[in-house]
Amino acid sequence: MFLIVFFVFLPLQNIKIMGQKQLIFILLSLAALNTTAQKTTLVNPFIGTDAHGHTYPGAVAPFGMVQLSPDTRLEGWDGCSGYHWTDSIIYGFSHTHLSGTGCGDFCDILFVPTTSLDIKADNFSFFRKENEKAEAGFYSVLLQKYNIAVQLTATERCGYHSYTYPADSNRCIIIDLKHRDELLDCSWKQEDDNTIVGMRRSKAWNENQIVYFAARFSLPLKRVKFDQKTKRLLLSFGKNRKKEGVVEAYVALSSVNEDGALRNLKAEKSKTFSDARKEAQDLWIKELDKIKVEGGSFQNRVKFYTALYHSLICPNLYSDVNGKYRGMDNKIYSTSNYQRYHVFSLWDTYRTLHPLLSIIDTKRSLDFVNTFLDIYKQSGLLPMWELANFETYCMIGEHGASVLSELYMKGIRANDKLTLESLINTLDSEKRKTNLDKMKINDYHFFGLDLFDKYGFVPSEKEHESVSKTLEYSYNMYCAAQVANAMGQTALYNEYIAKSQSWKNLFNPSSGFIEPKENNRFLPNFDPRQIDRNYTEGNGWHYTFYVPHDIETLINMVGGDKKFIAKLDSCFFTSSQTTGRNQADVTGLIGQYSQGNEPSQHTAYLYAYAGAAYRTQQLVRLIMDSLYTYNPDGLCGNDDAGQMSAWFVMSALGFYPVNPVDGEFVIGSPLFDKAIITLENGKTFTVNAPGADKKKYVKSLSLNGKPYDKSYITYNDIMKGGRLDFVMSSEPNEEFAADLKARSHSKNISNLIVPVPYLEYIGTKSFDSIIDVSINTLSLRDSVFVIMNQKTDSANENSNFKSQNVKLSLENTAEISVAAVSPAGKMSKMITSNFIKIPKGRSVRILTKYDNQYNGGGDFALIDNLKGDENWRLGAWQGYFGEDFACIIDLGKEDTLRKVSANFIQDANAWIFLPLDVTYSFSNDAKTWFQTTTVPNKFDERLPKIIYSFAYSPNVPCRYVKVEARNRKTLPEWHLSAGEKAWIMIDEVEAEN
């Protein structure tokens, strides 16, 4: 056996990767490199455990119920999985973990091997990296504090521990039921001399998570002790006097009850640790062998099989061996013809993970379909981000609908009637409300879906992350339209295909970007680099290219192929500097492209839609080579339940699902000489690309021995089995798939909508004299229909008219409703804008600089008679980040000021605090100030959310008021992000004469 040591130094140049580059030894047998039986040795579970990958290195079976791994970090964003590569302390080994997520939970039922009989002592231990080993289905480490050698493995429903204690030591195990998340309840009992059962109920991301466990030990229990305060259970197996140093523990879980956990434990065919390790290895070999790659570098094979491994960890098995599981309504259900799963990170995984699994795991994908339909029956909605029978409502869009639709269109189906019903009752806000009312569920969780239905887009002033939600709802509607069409539901198809075009209502023809609208006006001073409230973990560059179902229309609206290619180039080859708020998820930057977060991950493939497939090949290879490594920080962002890894797997195979529901895969740049995909239907699909590791460009293609000139292949092509042959080249072939007929299709031509008009005006919607408003249409051929209600001194004046070009000069408060009308008489959605006239003469001069992403609409916003509400994300509030606030209000003339107040908001979780105090000063010339008064903050800084008016009654004649608010500057010590800058947010300074 030879040990091979690899050192990797990657030139980064202009590529920004979050996390410090590190070197790790990869040790394996030379004889095992290419043997099928040892495929698991090419998996390095430590990849992604450093930087912000958020993976864990412990033992898990493919899609297993138990994820048995060391816990080294109890809190913080980089502790989401419970482990981080940079840590040196192990608290113990818990049985549930999340892989690559951006929020933390789980780490349930902590086992702590110890030689101490002190149940209250700190039982964590230091460990060294050289004593830590991980492979698919196995983990081991030496706990320095106790000199205990730990080995872990896992089968589908059971975790197996092997602890080797030093000679003459106490052989003890602590089961910590209070570990990590807030404990709501727990219980335990001794079942027999070798078995403990129990329950843990906790609150974190899942607000009511229930886990039952059954633990059987290889030795009889000598002593059992429980500490009520710490909720720790001490199990003693006596002294290690006869070199019986090994204690094994076999732990099964259940969501149902203790009997369910015992039943799962008794059903285990592996009765010892060594048996279980062999079983885990066999399970992983079977899964990893579904794709066999040949050629390419050793580093790339490690990256590939580790990515495939991470793609096969979750969703996780949730039903017991008898089919029982805990449902979304907390009732117990039973399945007979499928297995129930949980942990559906769908905003992430609908893009690549589920399309990958639809190829290599159709049976399990059908289980997902049945799971989705059961979730709908129990909760009234398809899942968004489901976690252990709890809907977290995390992220945006309705991508349970996306995955269900994709699988339906690929023939992976369960119940047609229920499928369509679940799609409509999830995606139609009115039907959603009716259905949930019928189920007596009062929270509709619209997240702007009702606004999307009403206006044809989500207005920025009514819902945060409005652009992202508009675009992702548009894609959801397209998915439902395809299912309706496949079922022959023409009316529903026409309705939803029209809704899918709603993204057009946010396209700004002046900039070529998809932008937020407030009061039906594109926001002034738009910066596509800015990460702000209008986008979900992204900016204008990321989301302008997110129209996966209508790319050709987007290309035409930008100005055609050349201009679209130029826009893509501008994205990839501009500065990587973003503006606006700090967003830790936006990582792995190439220009403004972000591989480390999902909204961008299809963008490199869009060149192929504009006839520049060679640019796709160039950039996809750059991403694979530079933003994925085989070191612990080898993922440039959260793995997000396998999505980042699935991207690499699909891209390394040479094709990618830009629009999963249509079943087309865009050709990229394969990474290996050969890849053989074994399908569950008994067929194989082979990708041949000799020399691919050295040559990134596609010279030509053939499919099943016949020349193939297209830039895509279909799902049916793959599932029929066959062979895709690449001829690779070191030089780009600019003619490859450049012809329009050869490109992947993504254009809607059915039931085309008339996009809504957009307004232009200077300043805010509040004015003190006259405001000029222009009303424009996206198509110059369309006219504008206007309904105007203007309030004058005497009465309300109403006027209706239709015109090609509309410019209004408003002198009074007005409400304007407008729609665009096509030459054929088809009308857009009706949208309404409001303009408010305020008393003339008052003005404000802000003395400190507000943050542009929270500008409230500009200086005038502080005296525009419009107050921000509890949702500060809507942009009405004016924000100051780590800075004090000061302004001078000019009342227009000298008068007795009876009351002055300034409104501030606190949302401690979002780093926003009330000011320490607010000081008012008064003047008649804005130079000499008198009667200075400070109003203190009287509230507890730990209050999660509050709006408070710092008011004072001066009763003095003055013309000018100075308002100064002291920011606490940094977050307090008790805060999760202590030491970071704090926000203060103000909206409306009110002065009463």
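Q: Which residue forms a salt bridge with D108, the closest N and O atoms being 2.6 Å apart?
A: This is a predicted model, in which local features need pLDDT of at least 70 and side-chain atom pairs count only at pLDDT 80 or more, whereas totals for chains, interfaces and linings use all residues. Residues are numbered from 1 along each chain as its sequence is written, and side-chain values use heavy atoms, with hydrogens and water left out. A salt bridge is a side-chain nitrogen of Lys or Arg within 4 Å of a carboxyl oxygen of Asp or Glu. By that rule, the salt-bridge partner of D108 is R200.

Q: How many residues apart are D108 and R200, and which distant parts of the chain do they link?
A: Helices (H or I, at least four residues) and strands (E, at least two) are DSSP runs, numbered from the N terminus. D108 belongs to the loop between strand 4 and strand 5, while R200 belongs to strand 13 (residues 195-203), and the separation between them is 92 residues.

Q: Are D108 and R200 buried or exposed?
A: A residue is buried under 20% relative accessible area, exposed over 50%, and partly exposed in between (1.4 Å probe, protein chains only). On this scale, D108 and R200 are both buried.

Q: How many residues apart in sequence are the parts tied together by R432 and E398?
A: The side chains of R432 and E398 meet in a salt bridge, with 3.0 Å from N to O. R432 lies in helix 9 (residues 429-438) and E398 in the loop between strand 24 and helix 7, so the pair ties together parts whose separation in sequence is 34 residues.

Q: What are the relative accessible areas of R432 and E398?
A: Both partners of this salt bridge count as buried. R432 has a relative accessibility of 0%, and the value for E398 is 2%.

Q: Which helices are tied together by R615 and D569?
A: R615 and D569 form a salt bridge whose closest N and O atoms are 2.6 Å apart. The pair ties together parts 46 residues apart in sequence, because R615 lies in helix 16 (residues 613-626) and D569 lies in helix 15.

Q: How many salt bridges does the count come to?
A: Besides separate pairs, the charged side chains can be looked at as a network. E287, K290, D361, R364 and E680 are linked in one by salt bridges. The count of salt bridges comes to 35.

Q: Which backbone atoms does the side chain of S311 approach?
A: S311 sits in helix 3 (residues 298-311) and is buried, with a relative accessible area of 0%. A polar contact is a pair of N or O atoms within 3.5 Å; within protein, one must be able to donate a hydrogen and the other to accept it, and residues adjacent in sequence count only if both atoms are side-chain atoms. The side chain of S311 reaches the backbone oxygen of A307 at 2.8 Å, and a polar atom of that side chain lies 3.3 Å from the backbone nitrogen of A646.

Q: Which residues, not counting those up to four places away in sequence, does M728 touch?
A: M728 lies in strand 40 (residues 722-729) and is buried, at a relative accessible area of 7%. Taking contact as heavy atoms within 4.5 Å, M728 touches R621, S669, P670, A689, P690, A692, K695, K696, Y697, V698 and K699.

Q: Why is helix 14 largely enclosed by the rest of the structure, and what covers its buried residues?
A: Six of the eight residues of helix 14 (residues 551-558) are buried, so the helix is largely enclosed by the rest of the structure. Those buried residues are I551, E552, T553, L554, I555 and V558. Their cover includes strand 25 (507-508), helix 13 (540-544), helix 15 (561-572) and strand 33 (655-659).

Q: How far apart are the end C-alpha atoms of helix 11?
A: Helix 11 (residues 466-486) has 21 residues, of which 19 are buried, so this helix is also largely enclosed by the rest of the structure. The expected span is 1.5 Å times one less than the number of residues, which gives 30 Å here. In agreement with that expectation, the distance between the end C-alpha atoms is 31 Å.

Q: What is the phi of F106?
A: Most residues other than glycine have a negative phi. F106, a buried residue with a relative accessible area of 2%, is found in the loop between strand 4 (92-94) and strand 5 (110-114). Its phi is positive, near 70 degrees.
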